[in-house]
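Here is a short report on one protein chain. Keep the structure open as you read.

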Amino acid sequence: MIRGGKSFVSSPPAFSNDAKKLLVCTGNTVSIFSTTTGLQVLELEGHTALVTSITVVPASTPASRILCNCWTTSLDGTIKYWDFSMPELMKTISIQLPIYSMVIPSLLAQQSETNEQPSDIYAYISVKDTKNEANKQKKELSGKILKYNLSKSRLVRGVVLSESKKPENITISSTGKYFGIHEKRKLRIWEVPPKDNKNINHRKLRLSHTKNMTCVAFHPTDRIVAAGDVTGRILIWRGFGDRTFAGDNGRFLKDDDEENPGVRGDGDADSCTTWHWHSAEVKVLFFSSDGAYLYSGGKEGVLVVWQLDTGKKKFLPRIGTPLVNFTSSPDPSLSSISCADNRIHILKMPSMEILKSISGIKFPSSIPETLKGSSQDFVFDHTSGLVAVRTENYCIQFYSLFDDREISEVQVCERNHQPSDDVMTILNKVALSYDGCMMGTVETRMSEEGIGGFVTLKFWERGPHNNDFTLSTVIYEPHRDARISAVAFHPNGSMAVSASYGGDFKVWVSNGNGEDKLRCRWACHAVGSYRKKAMTAAAFSGDGSVLAVAAETVITLWDPEKNILVAVIGSALESIVNLSFIGDSKFLASASRVGSNPQLSVWSMSKLSLSWSYKLHIEGIACSEKDSLLAVLVVLPESTSKTHNTTGSGTGSGAILLFNAEDPVPIASWFVTKAKGGGVAFIQRSSRELVAYVNGDHEYAIFNPNSQEEEEKYERKFRDTVEQGTGHHIGGYASMYGELPELKMRRKAIEASVAESVMGVSERPWETIFSGPSHSLPPLTKLCSVFLESLMEKRSGMVE
């Protein structure tokens, strides 16, 4: 099984000592990328939950830069020590509490030149107290900052530096002398003593603000701390801790005549300065290595460079997406910045030039409520194993599911990043031809007070020598003022169909062929409608001879060349939103998920009638091109989701059901998480067809449904799921299909029972051999052989 699509920006990354590698938290693992090529070179596997922090052990001498050791923490409650050059796990420490953040001040402090024996290494960890059930019921303080002895693998008893309603991220100064957290409107700072031990008294101070704080940064040399808030303001406290961290007792009385401009309450700081440029919350805040400049960033996608002494500013607006984290490296000329679109840029300092980009799969983008029914987040390129994902910045990202990396990006709309929430243009639909050479996109411009809204349909084609798409044809308002519900391509890629909620569909043809294909243009070939009903879905048959268009609750079949209505089949309870021909087009699958009567239906094209159906909430349909296999993604009810969801990932759990189109009984199923907003597809690799599943967060898994390994995994998963219940609870699978045994056992059991019934009858076997439902009987060839064998007299010995 291949997994991927993890977030690259859930936690700050870390550079190796030679700055040639970047360690990135990717789900339950740590991925190691080359800063020169931007490609992944290694991976650290061992944690069983989200990795939350990485701390690289710094080099104490120039010769030790080749050492590659790091500490990692995770929500699984463990701290692990690695040699990431191998990679090899060296040590595991179990805290038994989810760890959200960790700092190790002694690693950053200056190494002593004396020959003293090295002291114990202490870490400060931010955890969530899940053991105290009374706190959980009373909704009291669950976040704690604890002190841990990494050398002896034990907590320092009785040391709880802070308690909060939820775990907070810890920020540490570059020298390791101070660390702090921000909790709502309070900033708490602790001083780390030069010789840390378990009996030390930790002195702290508290600074206040009128708004909730979002990030903190310490000056590299002076007692200066900066914080950003939710309104876009930046506060700079100078000379903090002069009273708290000075002297033997750590406390001096404040002179009543002393003025501390800008400092609120009894905050221990000489002054507080406020700067304001950002329109939304500040997410990134860091000082330059010499402390002369302060960098800030946020939703605008712009880095603001503030001169610390004068407050003058200049801008670096080349990022173009909201900023999340900044990480400096041991090499002063390199740094990294993490962006909200799941991308990490390697920057050349101080010019902030982007040297390389490490791109993960794009996160789901927001859609207005009025367009959710006619929008899709991604589509699959079945032949090359790519997924095309629409992004917030009006692009289509092509991402390799096999290599877990970005292949290319197509700019659909020439628009700059818009930090405001009032977005007027939405890229809401994308479609690919089966070979991935043609692409169709739909843009919708929202109307303002009922004026100015329109829809644009664009056709794109891939170049013969690269993966870049070029714009071929732009069609403004292809269906007047109606929104487009579906776009589908003919198998040969030279014909396409667009359906609209306005009551019509249009067939488009390309005039390019041979050498002129690079300059092809698309034109309308035919227009069709059915009783002025909204056209909600469309699909071509495998050979392209039949076009199926859903007219709300019925399916119309057309000859696409002649634009002739051939037949009308079916009548669903709700509007059909998905159509797909199965295999060699002997069957057609349809899905309705809007309303109170969702339904999955499989129609026989030879009989033009319903073959079988289920009342299921279908999120996605995939049909095999080679076999008559149908894979559907089902969103389970909440009660069933809680039963089968063992990962605690919340609502939206579901199942992937694999059918043979001729049989309503699934031949396999897999329980999945985050099915809401997900999709499923058959993709090709070599000569095999694999099943790809992408969930609502764009995490994905690829597996071979026909391999023995997958069958064994399925059987084990199914048995484990059943055994987890009370023995009498009926889950979603059992409620739909009954108590189905392990994979491929139901049909064998039916055949065996039929054979036994026939063989056990000595007279008139033909009266019982055909008893039972027709869909449960084995094939006629097997029935005949059993029937003939029962009529033949068996001899026990040789006749002389």
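## A four-stranded sheet

Start with an open sheet of four strands in this predicted model. Its order is β14-β15-β16-β17, and the pairing is antiparallel. Strands of a sheet pair through backbone hydrogen bonds, either parallel or antiparallel.

Which strands stand at the edges? They are β14 (171-172) and β17 (204-208). Each has a single partner strand, so one side of each is left without a neighbour in the sheet. Now look at β15 (residues 178-183) and β16 (residues 186-191). These two strands pair in the antiparallel sense over six bridges. Take glutamate 183 as an example: its bridge partner in β16 is lysine 186.

## The whole chain

Now step back. The chain has 800 residues, and 52% of them count as buried. It contains seven helices and 56 strands.

The chain exposes about 38600 Å². Carbon and sulfur atoms supply 48% of that area. Consider next the contacts with a separation of 6 or more: residues 24 or more positions apart account for 48% of them.

## A record of repeats

UniProt, in an unreviewed entry, places the feature "repeat: WD" at residues 206-237 and 275-316. Look at the span 206-237 in the model. It is 62% strand and 0% helix. Its end C-alpha atoms lie 12 Å apart.

## The largest nonpolar core

In soluble globular proteins, nonpolar side chains tend to be buried together. The largest nonpolar core here has 21 residues. Those with the most contacts inside it are Ile582, Ile618, Ile621, Leu630, Val632 and Phe659. The elements that give two or more residues to this core are β47 (587-592), β48 (599-604), β49 (609-614), β50 (618-623), β51 (629-635) and β52 (654-660).

Pick out isoleucine 582. Not counting residues up to four places away in sequence, isoleucine 582 touches nine residues' worth of neighbours listed here: Phe587, Ala589, Val602, Cys623, Ser624, Ser628, Leu629, Leu630 and Ala661.

## Glutamine 397

Is glutamine 397 buried or exposed? Glutamine 397 is buried, because its relative accessible area is 0% and the cut-off for buried is under 20%. This residue lies in strand β32 (residues 395-400).

Which backbone atoms does its side chain reach? One is the backbone oxygen of glycine 360, at 3.0 Å. Another is the backbone nitrogen of lysine 362, which lies 3.0 Å from a polar atom of the glutamine 397 side chain. Leaving aside neighbours within four places in sequence, glutamine 397 is in contact with residues including Ile361, Val387, Thr391 and Glu406.

Note on methods
Residues numbered from 1 in each chain as written. Predicted model: local features only at pLDDT ≥ 70, side-chain atom pairs only at ≥ 80, totals over all residues. Heavy atoms only, no water. Buried < 20%, exposed > 50% of the residue type's maximum accessible area, 1.4 Å probe, protein only. Polar contact = N/O pair within 3.5 Å; in protein donor to acceptor, adjacent residues only side chain to side chain. Contact = heavy atoms within 4.5 Å. Core = buried A, V, L, I, M, F, W, Y, C linked by side-chain atoms within 4.5 Å. UniProt positions renumbered as here; feature names shortened; annotations may be inferred. Pairing = 2+ DSSP bridges. Areas by Shrake-Rupley, 256 points an atom, 1.4 Å probe, with all protein chains shown as cover.
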